[in-house]
Amino acid sequence: MNLTHKESDLVFSIMRQLSAPMSQTDIRCNIGKTLLQLLDAEYFASYIWNDVDQKFDCGININMSEENLGAYEEYFQYNDPITPTLQRRRRATAVSEVMSHDRLERTEFFNDFLAQDGLCYGMNFFAWDRGRNIGDLRIWRPHGAEDFSRRDVELVNAIAPSIVNALVRSQ
């Protein structure tokens with residue numbers, strides 16, 4: 001994969017961040033900001049799967065409404081037509097790979113949750129370690145932007161092992 005000078009700088013920045021000792025929250029926040037720049041996206045959220053309670057916890061976000069994310073935590077995570085499938089994939093995946101955008105736009109999840117903050121096209125990465133989901137990255141672009149390309153997905157997949165290693169070290 002050929003990278004532009006800007007992309008190379010951002011990828012190296014992410015790799016430096018991931019090699020520094022940080023808490024799990026700081027890792028997700030810091031690389032979230034840089035991933036938004038790298039992928040020309042506007043919105044970021046990240047959660048940690050709670051196996052005991054069977055729900056996403058410890059949420060962080062960039063450019064999203066706390067009130068709307070509260071609705072996600074209380075209702076929409078249990079009525080989400082895409083995230084369970086994305087979570088099982090264990091690699092970066094554009095949302096449109098698991099559900100067409102036209103179909104997604106007809107769901108309650110899209111209209112009453114995603115669209116409320118302006119989220120339109122998404123990509124998720126779920127980090128796994130020894131059979132445990134240890135954190136995720138949810139990156140979104142607004143209406144009027146382009147969907148994530150195969151190249152965008154592969155770029156995240158290329159740095160994914162370093163993300164997993166950093167999250168494991170932070171535990």
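A polar contact is a pair of N or O atoms within 3.5 Å; within protein, one must be able to donate a hydrogen and the other to accept it, and residues adjacent in sequence count only if both atoms are side-chain atoms. This is a predicted model, where local features need pLDDT of at least 70, side-chain atom pairs count only at pLDDT 80 or more, and totals for chains, interfaces and linings use all residues. Residues are numbered from 1 along each chain as its sequence is written, and side-chain values use heavy atoms, with hydrogens and water left out.

**Exercise 1.** Work out where D136 sits and what its side chain reaches.

Step 1. Place it: D136 lies in strand 5 (residues 132–142). Strands are DSSP runs of E, at least two residues, numbered from the N terminus.

Step 2. Check burial. D136 has 1% relative accessibility, so it counts as buried (under 20% relative accessible area; exposed is over 50%, partly exposed in between; 1.4 Å probe, protein chains only).

Step 3. Find its partners. The D136 side chain reaches the backbone nitrogen of Y47 at 2.8 Å. It also makes a polar contact with the side chain of R138, at 3.0 Å.

**Exercise 2.** Decide which side of helix 1 is buried.

Step 1. Take the helix: helix 1 covers residues 5–19, 15 in number. Helices are DSSP runs of H or I, at least four residues.

Step 2. List its buried residues: E7, L10, V11, S13, I14, Q17 and L18. They cover an arc of only 155° around the axis, so they lie on the same side of helix 1. The arc is that of the directions from the helix axis to the C-beta atoms.

Step 3. Turn to the other side of helix 1: H5, F12, R16 and S19 are exposed there.

Methods
The expected span of a helix is 1.5 Å times one less than its number of residues.
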